[in-house]
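Biologist: Please take one part of this model and look at it closely. Walk me through what surrounds it, in one connected answer.

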Amino acid sequence: MKRTFYLLLALVMTISLFGCKRVISKEQNNANVSKEDDKLNKDILTIEDYYPFKENLVMSYEGIGNEYAEQQVFVEFIENKKMQIKIMNPGTVFVKVLEYKNGELTEVFGEGEFYHIENMLNANTNSQNIILKEPLELNNTWKDDQGNTVKITSLDKQMETPAGTYNTLEVTTDFGEGRTNKDYYAKGVGLVARIYIDGEMEVKTLLEEVNTKKQEMEILAYYPTSDDISTEYVKENIEFGTNDNIENILENIMKNPPSNKLISPISKNTNINKIHLNRDAWTLEVDFSKELIEEMNVGSSFEMEILKSVVNTLGKFYDVEKVYITVEDKPYESGHFGIKKDEAFEVETLDIKELNE
């Protein structure tokens, strides 16, 4: 719980030995109290001081002692007191949703193998792991979600990293049997170091660089070809900034093929209304505006290539095998092709070649 200082100033007016009387006005008294409060408030540190929520923040870390200790962290979404971060190391990509509430910074959602972009700020909670807890005082102690003891063990630990030397808040988790983890947080920066100790083994994750920029990702984009009835793909790069709309980004990719040998699978007026990854069926659900069908005006063979391009582009990006397409919330139905509510299009990339110009 956030530490609050209550200051009671009793000003007693007396007559000095020399008979001189000093009078302090109400206005002067309030001004003096205000100055004292301001001075004390500067010393009250909160989690926001040590773990700021910043848009487009990219933090790169050096790894020592284990190949997976190296990582890069990007802030994908921020809303009110919640922040979604994507953590990328040489082995995998995963996301965490952190919430600052009631004096605690808590991991409320986490998922691995998360290679796509999806806003999980309002997803069902699957974790309740307290990362930091106020008051930020020496020896303040709590339990993590595994029952391990977590304690603030220093308020001014000097920590050297490739990015510089920081005066940090040290938070130690005791796993027992000689195993501990120490996290180091610097004011205005966030996590600058992590050291895992197991006997004589040490694994270090040390801050190497801090940047403010958009996240860059590669996407395989599929398009119908202009010279025959077929589909080819190209590798394209997309940029994603904090709170950007991924639907708009994917629309733009499909509407703007990078070569005149390729044709856009959707019209300029077609919009992606929403994208949802159904984790129970592991199917991507995509709803388009009515222009997807109204402005298509092609035969069945070419429509097949259009659907293949859309399904493959979206399915590969979200790493699924099935894509359920709706138009204004109704299952896809064009006259040539149609699906029912419990059906989906399959991702099919066999024999599809990369564009060779």
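**Strand β10 and its surroundings**

Modeller: Start at one pair: Asn-181 stands opposite Tyr-196 in β11. This is a predicted model. Strand β11 covers residues 190-198 and runs antiparallel to β10, with eight bridges joining the two. Three residues lie between these strands in their hairpin, and Gly-188 there takes a positive phi near 75 degrees.

Now the other partner of β10. Strands β9 and β10 also run antiparallel, again joined by eight bridges. Gly-176 stands opposite Arg-179 in β10. The hairpin of β9 and β10 has two residues between the strands. Glu-177 in this hairpin has a positive phi near 55 degrees.

How enclosed is β10 itself? Strand β10 spans residues 179-186, and six of its eight residues are buried, so the rest of the structure largely encloses it.

Phe-175 links several of these pieces. It is found in strand β9, residues 164-176. Leaving out residues up to four places away in sequence, Phe-175 touches Asn-148, Thr-180, Asn-181 and Tyr-196. So both members of the opening pair, Asn-181 and Tyr-196, are among the contacts of Phe-175. Asn-148 comes from further off in the chain: 27 residues separate it from Phe-175 in sequence, yet their C-alpha atoms are 5.8 Å apart. Is Phe-175 buried or exposed? Neither: its relative accessible area is 29%, which means it is partly exposed, since buried requires under 20% and exposed over 50%.

Next, the wider setting. The protein chain has five helices and 20 strands. Of its 357 residues, 44% are buried. Among contacts between residues at least 6 apart in sequence, 51% join residues at least 24 apart. The accessible surface comes to about 20000 Å², and carbon and sulfur atoms account for 45% of it.

Elsewhere in the chain is an open sheet of three strands. Its order is β13-β14-β20, with mixed pairing. The edge strands are β13 (215-224) and β20 (353-354), each pairing on one side only. Strand β14, residues 231-240, pairs with β20 in the parallel sense over two bridges. Lys-353 in β20 is the bridge partner of Glu-232. Helix α3, residues 246-255, packs on this sheet and touches β13 and β14. The direction of α3 makes about 140 degrees with that of β14. Helix α5 packs on the sheet as well, touching β13 and β14, and its direction makes about 165 degrees with that of β13.

Helix α5 deserves its own check. At 1.5 Å a residue, its 18 residues (300-317) should span 26 Å; the end C-alpha atoms are 26 Å apart, so the two agree. Of those 18 residues, 13 are buried. Asp-319 follows α5 with a positive phi near 55 degrees.

Finally, the cores. The largest nonpolar core has 51 residues, and those touching the most other members are Leu-250, Leu-284, Phe-288, Phe-317, Ile-325 and Tyr-332. Helix α5 gives the most to this core, with seven residues. Another core lies apart from it, with 37 residues, among them Leu-57, Ile-131, Val-150 and Val-192. Back in the largest core, Phe-288 has contacts beyond four places in sequence that include Met-254, Ile-266, Val-310, Leu-314 and Ile-325.

Key. Residues are numbered from 1 along each chain as its sequence is written. This is a predicted model: local features need pLDDT of at least 70, side-chain atom pairs count only at pLDDT 80 or more; totals for chains, interfaces and linings use all residues. Side-chain values use heavy atoms; hydrogens and water are left out. Helices (H or I, at least four residues) and strands (E, at least two) are DSSP runs, numbered from the N terminus. The expected span of a helix is 1.5 Å times one less than its number of residues. Buried means under 20% relative accessible area, exposed over 50%, partly exposed in between (1.4 Å probe, protein chains only). A nonpolar core is a set of buried Ala, Val, Leu, Ile, Met, Phe, Trp, Tyr and Cys residues joined through side-chain atoms within 4.5 Å. Contact means heavy atoms within 4.5 Å. Two strands pair if DSSP finds at least two bridges between them. Axes are lines fitted to C-alpha atoms, for helices over the stretch in contact, and angles run from 0 to 180 degrees between N-to-C directions. Accessible areas come from the Shrake-Rupley method with a 1.4 Å probe; for residues, only the protein chains shown count as cover.
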